[in-house]
Structure formats: structure tokens, C-alpha cells
Amino acid sequence: MKNKKLKIIVLIVIAVLILAAVVLGIILGVKFLGEKCEPLTPLALKKFEIAGGIKPIEGDKCEISGESYLLRLIYQDSNSAESAKNGLELATPGDRDDINGLNWVVKDGDSSVFWTNNEKLGILVIPGIDDEEAVGKQIDKAFKKLK
């Protein structure tokens with residue numbers, strides 16, 4: 001009788017441990033596989049310096065969804081980030097607009113959204129998407145990555 005109870009308890013403990021391992025694996029897999037960011041090369045950072053007028057300390061390119069991506073550039077301070085944003089907006093060809101408090105540049109169905117968060121500059125590049133809801137979701141994802 002005691003042997004059967006002990007076997008049942010051991011099986012339950014093993015099942016709980018396996019379930020916990022699977023859940024942990026899923027959580028870690030989503031976290032690490034979902035974060036697809038690559039650091040920008042020194043040449044790319046130099047191009048941003050030339051276009052924006054201010055050299056970023058570092059930067060990376062993060063996939064948001066499909067062909068959309070976020071460029072995260074880190075500057076010395078918030079004033080440098082804001083100045084670089086203004087320079088990069090002017091260097092980006094297309095029609096400029098202020099939509100929901102964000103600076104947009106649109107050309108031939110491709111959109112770029114520029115904003116700063118302290119010393120961070122975010123540029124969300126959205127090729128060929130016109131659906132406002134889809135764009136809104138991508139902006140939400142990008143905001144989370146820029147914090």
C-alpha cells in the first residue's frame with residue numbers, strides 16, 4: 001500500500017517538474033527568439049552621423065514584424081537625440097506629417113516614424129503598409145522596444 005502511494009507521489013512530482021520545464025522553455029524561447037535585434041556596424045553608425053549631423057554612441061536594428069523594423073540609436077543626451085531626429089527626418093525623402101503626435105515621413109506607400117525617448121532615438125520603418133490598425137500594432141511593439 002505504501003509502495004503504491006510512494007510511486008504515485010513520485011510520478012506526480014515528475015509530471016509537475018516536466019510541465020514546469022516545458023513552460024519555462026516556452027517562455028524563454030519566446031523571449032529570446034522574439035527579440036531579433038542586430039547591432040549596427042560602425043559604417044552604419046557613421047552614415048547616421050552624416051545624415052543626422054550627430055554621431056550616435058551605439059545602435060541596433062530590431063525586427064518588428066514582417067518587413068518592418070525599428071532602428072534604435074543611442075546618443076549622448078536627449079538634446080543630441082532630438083537634434084539627430086530632426087536631421088534624419090530632413091534627410092529622409094518623402095512627405096512629412098504629424099500623426100498622433102509622431103513625426104512621419106511617407107513616400108510611395110513606405111512609412112518611417114521618428115520619435116525620441118530621452119537619449120534614445122527610434123525610427124520605425126514600415127514598407128508598404130497602409131492599414132492604420134496594422135501600423136498601430138507595429139508602433140506599440142516598437143515603443144516597448146525603445147523603453
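**Close-up views of a predicted model**

**View 1. Strand 6 and strand 7 run antiparallel and are joined by seven bridges.** In this predicted model, strand 7 covers residues 120-126, and within the pairing T116 stands opposite L121 of strand 7. The hairpin that these strands make has two residues between them, and N118 takes a positive phi near 60° there.

**View 2. Strand 5 and strand 6 form a hairpin with two residues between the strands.** Strand 5, made of residues 102-107, pairs with strand 6, made of residues 110-117, in the antiparallel sense over five bridges. V105 stands opposite S112 of strand 6, while D108, in the hairpin, takes a positive phi near 50°.

**View 3. Strand 4 pairs with strand 5 in the antiparallel sense.** Five bridges make up this pairing, and in it D97 has W104 of strand 5 as its bridge partner.

**View 4. The seven strands form an open sheet with antiparallel pairing.** Read across the sheet, the strands follow the order 1-2-3-7-6-5-4. Strand 1 (37-39) and strand 4 (95-99) stand at the edges and each has a single partner strand, so one side of each is left without a neighbour in the sheet. From one strand to the next, the twist averages 20°.

**View 5. Helix 2 and helix 3 lie across strands of the sheet.** Helix 2, which spans residues 42-52, lies across strand 2 (58-65), strand 3 (68-74) and strand 7, and runs at about 80° to strand 3. Helix 3, which spans residues 78-91, lies across strand 3, strand 4, strand 5, strand 6 and strand 7, and its angle to strand 6 is about 165°.

**View 6. A nonpolar patch on the surface includes L6, a residue of helix 1.** Helix 1 spans residues 2-34, and the patch is formed by L6, V10, I14, I18 and V22, which together have about 430 Å² of accessible area.

**View 7. The whole protein has four helices and seven strands.** Starting at the N terminus, its elements follow one another as α-β-α-β-β-α-β-β-β-β-α. The protein has 147 residues, of which 30% count as buried, and its accessible surface comes to about 9800 Å², with 60% of that surface belonging to carbon and sulfur atoms. Among the contacts with a separation of 6 or more, 49% are between residues 24 or more positions apart.

Notes
Residues are numbered from 1 along each chain as its sequence is written. This is a predicted model: local features need pLDDT of at least 70, side-chain atom pairs count only at pLDDT 80 or more; totals for chains, interfaces and linings use all residues. Side-chain values use heavy atoms; hydrogens and water are left out. Two strands pair if DSSP finds at least two bridges between them. Patches are made of residues with over 30% relative accessible area and no salt bridge: like charges are joined within 9 Å, nonpolar side chains (Val, Leu, Ile, Met, Phe, Trp, Tyr) within 5 Å. Accessible areas come from the Shrake-Rupley method with a 1.4 Å probe; for residues, only the protein chains shown count as cover. A salt bridge is a side-chain nitrogen of Lys or Arg within 4 Å of a carboxyl oxygen of Asp or Glu. Buried means under 20% relative accessible area, exposed over 50%, partly exposed in between (1.4 Å probe, protein chains only). Contact means heavy atoms within 4.5 Å. Axes are lines fitted to C-alpha atoms, for helices over the stretch in contact, and angles run from 0 to 180 degrees between N-to-C directions.
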